[in-house]
Amino acid sequence: MNLNFQISAVKNYFFGFATSGAILFSGLVYFNKTENKAESQENAVSVDYLAAEKVELKKFNPNILNELEWKSMGFSDRQVATILKYKSIVGGNFTSKQQLKKCYAISDQKYAELEAFIMLPETATSAKGNHQSNDNARNYGDYSSYKPYRSKKELRISGKFNPDVFTVDDFVKMGFTENQSIAILKYRNYLGGSFISKEKFKACFIISDENYKKMEPFLLLPEKSPENFTITKPSYQKTDFKPAKAQIIYQNFDPNTMDLEGWKNLGFSEKQAQVIINYREKNLRGSFKTLDDIEKCFVISSEKFQEMRPYIVLKPENTVTQQTSSNTTNSNFSSKSTDPKTDFSKTNLNEITYKQLIEFGFDEKSAASFIGFRNKLGGFVNKEQILETYNIDKDLAQKLVSGSPLITDQVQKYSLMDAPESWLKSHPYFKYYADKIIYYRISYTNENKFFRTMKVKPEYEAKMRLYLK
């Protein structure tokens, strides 16, 4: 009896254990299947989302893209605004890949990525037959037959003309749009009011190669820009180019403190002005002693010297005069002359001469570097510039700037919008960015945009701002 009971209990135990295990196993299998299904669905959603975010490039017509479509290609709001503005300036439509590539909002890397998909010819083509094929491309979404629109008006050139005297209306009558005409005049203004030559006129980005070929035979401009031309309103007689001489208003001046801009304002070219300064600093050790010294400078003609002579003021700071009086006795006279001692605590670092620097203790090389760098800058604005001067004795320079004043009232400053091209291209802080500045100021009025667009390093920007208004 007891044995049968024990066997029955064992059977019940094993049966219950097996049943519990089966239920548990079924539950685990179901849970695992559910979890895998949920995970698969989640992964599918994630993949779909990423696929939606990634833009697959297709052939496109840049002339009909709206803002959202440009953004979908990876451009920022600011870049899109710039592209659309550039589009309006060139006449409302891009005419070739090369024209689109010139848009500075599209980097070289980005252009290389897009180039194969752009439905434009490499260079501008004729407008004949373009309208119909473009309408078909828009209607049926097939851009393989797309041809860019040229200007709606063909150029009408009645005869030879001087673009330096053309107004906006004159260019519009010729066949350009109003926006294009305004941009052409802006380009002329930033060249100084004259296109100077056919070479400069052709460089205007508004004027396509095709249009330039049509206009070139009728342009009353010289073929090439003359060397060392000054940007003034030119006068033309047939094909001769002679810049009109600006009227020079003379005032009294000290030739020993005159910088590069000062000599240029007297009518000398930049090269001539630099020769005069080099002659003064190197040949005469920092100063003209007499009028003869000035007249002997080979770039100053006899006529020019006589014209300047009444206004030259030579300060007797570098010579010694012997004063006598009828009331003094012989013991008051001295036949021995001594060099005057400079009070460097009262000597402006923007006026200190080569000879005074030698007197302070600089060697000839350091003194020449000091004067040369100051002339190129048009004057120092802060004392750190002196300490950074190439080839200068740093310890001696530190001693000089610690005890001498720096007066900057006479240092010429400009805004990026009105800075002369010659000044930009010769100034140590601006010359490497001069061409970009001249190009960008056609479109921008905010100088901060210049620096952002040119990607100027902060330390270089800080130096450039020293000479900006």
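This report describes a predicted model of a protein, from its overall make-up to selected helices, voids and single residues.

## Overall architecture

The predicted model is mainly described by its helices: the secondary structure comes to 22 helices and two strands. Of the 469 residues in the protein, 38% are buried. Among contacts between residues at least 6 apart in sequence, 55% join residues at least 24 apart.

The protein exposes about 28900 Å², and carbon and sulfur atoms supply 52% of that area.

## Helix α3

Helix α3 covers residues 77-89. This helix has 13 residues and reaches 19 Å from its first C-alpha to its last, close to the 18 Å expected at 1.5 Å a residue. Just after α3, Gly91 takes a positive phi of about 110°.

The buried residues of α3 are Val80, Thr82, Ile83, Tyr86, Lys87 and Ile89. Their cover includes α2 (67-72), α4 (97-101) and α8 (178-190). Residues of α3 also take part in the lining of both the largest cavity and the second largest pocket, which are described in turn below.

## The enclosed cavity

A search of the whole structure finds one cavity of 30 Å³ or more. The volume of the largest cavity is about 90 Å³. Its lining is formed by Thr82, Lys85, Tyr86, Ile89, Tyr104, Phe205, Tyr439, Ile442 and Ser443.

Helix α3 provides the largest share of this lining, with four residues. By residue class, the lining of the largest cavity divides into six nonpolar, two polar and one charged.

## The second largest pocket

The second largest pocket has a volume of about 580 Å³. Its lining consists of 18 residues, and those nearest the centre of the pocket are Thr82, Tyr104, Ala105, Tyr444 and Thr453. Two of these names, Thr82 and Tyr104, also appear in the lining of the largest cavity.

Helices α3 (77-89), α20 (434-440) and α21 (447-454) each supply at least two residues of the pocket lining. Helix α3 gives the most, with five residues. The lining of the second largest pocket divides into six nonpolar, six polar and six charged residues.

## Helix α12 and its surroundings

Helix α12 (residues 270-283) has 14 residues. From its first C-alpha to its last, α12 reaches 19 Å, close to the 20 Å expected at 1.5 Å a residue. The buried residues of α12 are Ala273, Ile276, Ile277, Tyr279, Arg280 and Glu281. An α-helix has 3.6 residues a turn, so residues three or four places apart point the same way. The buried residues of α12 pack against α11 (260-265), α13 (291-295), α15 (354-360) and α16 (364-377).

Lys264 belongs to helix α11. Lys264 counts as buried because its relative accessibility is 17%, under the 20% cut-off. Leaving aside neighbours within four places in sequence, Lys264 is in contact with Ser269, Glu270, Ala273 and Ser422. Of these partners, Ala273 is also one of the buried residues of α12.

## Loop residues with positive phi

Arg285 follows α12 and is found in the loop between α12 and α13. Although Arg285 is not a glycine, its phi is positive, at about 55°. With a relative accessible area of 43%, Arg285 is partly exposed.

Ile196 lies in the loop between α8 and α9. Phi of Ile196 is near 70°, again a positive value in a residue other than glycine. Ile196 is buried, since its relative accessible area is 1%.

## Cys204 in the α9–α10 loop

Cys204 is placed in the loop between α9 (198-202) and α10 (209-215). At 1% relative accessibility, Cys204 counts as buried. Not counting residues up to four places away in sequence, Cys204 touches Ile184 and Tyr187.

The C-alpha atoms of Cys204 and Tyr439 are separated by 9.6 Å, although the two residues are 235 residues apart along the chain. Tyr439 is itself one of the residues that line the largest cavity.

Methods
Residues numbered from 1 in each chain as written. Predicted model: local features only at pLDDT ≥ 70, side-chain atom pairs only at ≥ 80, totals over all residues. Heavy atoms only, no water. Expected span 1.5 Å × (residues − 1). Buried < 20%, exposed > 50% of the residue type's maximum accessible area, 1.4 Å probe, protein only. Contact = heavy atoms within 4.5 Å. 1 Å grid on protein atoms, 1.4 Å probe; cavity = no way out; pocket = protein on both sides within 12 Å on 5 of 7 lines; lining within 4 Å. Points joined across faces, edges and corners; volume = space filled by probe spheres on them. Nonpolar A, V, L, I, M, F, W, Y, C, P; charged D, E, K, R; others polar. Areas by Shrake-Rupley, 256 points an atom, 1.4 Å probe, with all protein chains shown as cover.
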